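The following report describes one chain and its two ligands, moving from the domains to the ligand surroundings and then to selected strands and residues.

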Amino acid sequence: MTAQIIDGKAVAANVRAEVGKAVAERVAAGKSRPGLATVLVGDDPASHVYVSSKRKACAELGIESFGFELPADATQDKVEGLVSELNADPRVHGILVQLPLPSHLDEEKVLRAISIEKDVDGFHPINIGRLAQKGRDPLFVPCTPAGSLVLAQTVIPKLEGCNAVVLGRSNIVGMPVALLLVRANATVTICHSRTKDLPSVVRQADVLIAAVGRPNMVKGSWVKPGAVVIDVGINRIEDPTHPKGSRLVGDVDFEEVKEVAGAITPVPGGVGPMTIAMLMQNTLRGAELSDK
Ligand SMILES: NC(=O)C1=CN([C@@H]2O[C@H](COP(=O)(O)OP(=O)(O)OC[C@H]3O[C@@H](n4cnc5c(N)ncnc54)[C@H](OP(=O)(O)O)[C@@H]3O)[C@@H](O)[C@H]2O)C=CC1
Ligand SMILES: Nc1nc(=O)c2c([nH]1)NC[C@@H]1CN(c3ccc(C(=O)N[C@@H](CCC(=O)O)C(=O)O)cc3)C=[N+]21
């Protein structure tokens, strides 16, 4: 039997519709219109595409967006100066600094400069620290990890007690998604480039989250029959049969794994659209935090 395909686009559209409704209601009630500031340093074409789709989503939901572009050689002071101005700007309820930053910049210092009340990416060390602590709650949860859990929970609403395996331990996906799974009372294994016998570890998973950045790495034979597979990977590969000469694939070999898994997210149309929807939700939350 082939797997249920989890429609990330549809789930994301529902989340966006709810956010749009809440935005309209708060504006009608005389409260501030939510605003998102995006900061893009340098001219990476993929980053441009992501930032413009985030700003387009804002426009559709009545969220104001403010785009800032700095040259690739912008200094640390320049970037932190812009962040300070945005911290002080009452029209801005969320600040997103697109990652990765050019290598001469200190990423941690930039993220630390963002006011935690406007940290809609959830990457400020205080928000991440709270995510990692029992009995503490971050003000914002990182978007891709949050969206990945929402998609898994469309199939398994209660993750409690299930064996979850996370492939990858990055600051922006692997580690925070593992922390969220622990908070949902799953039993979590985190794998990385030093993990021994990856296929046999992955085979234990009732829920598998793949975030390695390796096209089609997870094979059908690695997956437990019936498992829920969330593919975070976004990899562009050459494909001469495709009109553009290339196409997007995930970290999971979709054709093989869909014959084994119980449910699977596609790429595109899976976690990507959810990332943007969760960012919209976090921006609304940023506006709500500013009400008091
Ligand atoms: N859908 C979305 O919204 C988003 C998608 N992405 C995508 O998700 C993927 C992961 O992104 P990101 O976390 O930033 O990537 P990183 O490169 O920062 O991290 C990759 C992780 O995978 C591990 N890894 C790499 N190769 C292997 C291997 N052969 N075997 C086992 N583990 C391995 C690395 O291990 P180690 O730590 O040992 O080096 C590392 O922990 C990418 O495809 C990216 O494009 C990212 C963000 C958002
Ligand atoms: N501070 C910061 N926050 C981020 O959230 C962040 C970041 N930096 N740096 C880069 C990654 C990547 N990321 C994606 C968002 C949407 C899609 C997305 O919408 N993907 C579509 C396809 C898009 C296409 O066709 O190119 C899909 O999967 O269906 C993908 C990837 C956010 N990231």
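Two residues are taken to be in contact if their C-beta atoms, placed from the backbone, lie within 7 Å. The structure discussed here is a predicted model.

## Domains and annotated region

The domain assignment of the chain gives two parts, domain 1 covering residues 32-115 and domain 2 covering residues 143-271. Between the C-alpha centres of domain 1 and domain 2 the distance is 28 Å.

An unreviewed UniProt entry places the feature "domain: Tetrahydrofolate dehydrogenase/cyclohydrolase catalytic" at residues 6-121. Over residues 6-121 the chain is 50% helix and 16% strand, and the C-alpha atoms at the two ends of this stretch are 24 Å apart.

## Surroundings of ligand 1

The shell around ligand 1 holds 24 residues, of which Gly168, Ser170, Ser193, Gly213 and Thr275 come nearest. By class, these shell residues divide into nine nonpolar, 12 polar and three charged. Helix α10, residues 271-291, gives the most to the shell around ligand 1, contributing three residues.

The "binding site" feature in the unreviewed UniProt entry lists Gly168, Arg169, Ser170 and Ile234. Arg169 is found in the loop that lies between β5 (163-167) and α7 (174-183), and Ser170 is placed in the loop between β5 and α7 as well. Why does Arg169 count as partly exposed? A residue is buried with 20 or more other C-beta atoms within 10 Å of its own and exposed with 12 or fewer, and Arg169 is partly exposed because it has 18 such atoms within 10 Å. Ser170, with 16 C-beta neighbours inside 10 Å, also counts as partly exposed. Leaving aside neighbours within four places in sequence, Arg169 is in contact with Gly174, Met175, Ile190 and His192, while Ser170, on the same basis, is in contact with Met175 and Ala211.

## Surroundings of ligand 2

Ligand 2 is surrounded by 19 residues, and the closest are Leu99, Asp121, Pro268, Gly272 and Thr275. Thr275 is thus named among the closest residues of ligand 2 and among the nearest residues of ligand 1. The shell around ligand 2 has 12 nonpolar, six polar and one charged residues.

At least two residues of the shell around ligand 2 are supplied by each of α2 (45-61), β4 (94-97), α6 (143-153) and α10, with the largest share, four residues, coming from α10. Seen by domain, the shell around ligand 2 draws at least three residues from each of domain 1 (32-115) and domain 2 (143-271).

## The six-stranded sheet

Six strands form an open sheet in the order β1-β11-β8-β7-β5-β6, with parallel pairing. At the edges stand β1 (4-5) and β6 (187-191), each with a single partner strand, so one side of each is left without a neighbour in the sheet.

The parallel strands β5 and β6 are joined by five bridges. Within this part of the sheet, Leu167 stands opposite Cys191 in β6.

## Strand β2 and its partner

Strand β2, residues 35-41, is largely enclosed by the rest of the structure, because six of its seven residues are buried. Seven bridges join β2 to strand β3, residues 64-70, and the two run parallel. Leu40 stands opposite Glu69 in β3.

## Two buried leucines

Leu86 has its place in helix α3, residues 76-88, and it is buried, with 23 other C-beta atoms within 10 Å. When residues up to four places away in sequence are not counted, Leu86 touches Ala37, Val92 and Ile95. Leu86 and Asp44, which are 42 residues apart in sequence, are 23 Å apart in space from C-alpha to C-alpha.

Leu105 is found in the loop between β4 and α4 (107-113). This loop residue, Leu105, is buried, with 22 other C-beta atoms within 10 Å. Its contacts, leaving aside neighbours within four places in sequence, are Val41, Gln76, Val79 and Val110. The C-alpha atoms of Leu105 and Ser221, which are 116 residues apart along the chain, are separated by 42 Å.

Key
Residues numbered from 1 in each chain as written. Chains lettered and ligands numbered in written order. Predicted model: local features only at pLDDT ≥ 70, side-chain atom pairs only at ≥ 80, totals over all residues. Near = placed C-beta within 6 Å. Nonpolar A, V, L, I, M, F, W, Y, C, P; charged D, E, K, R; others polar. UniProt positions renumbered as here; feature names shortened; annotations may be inferred. Domains from an automatic or database assignment. Pairing = 2+ DSSP bridges.
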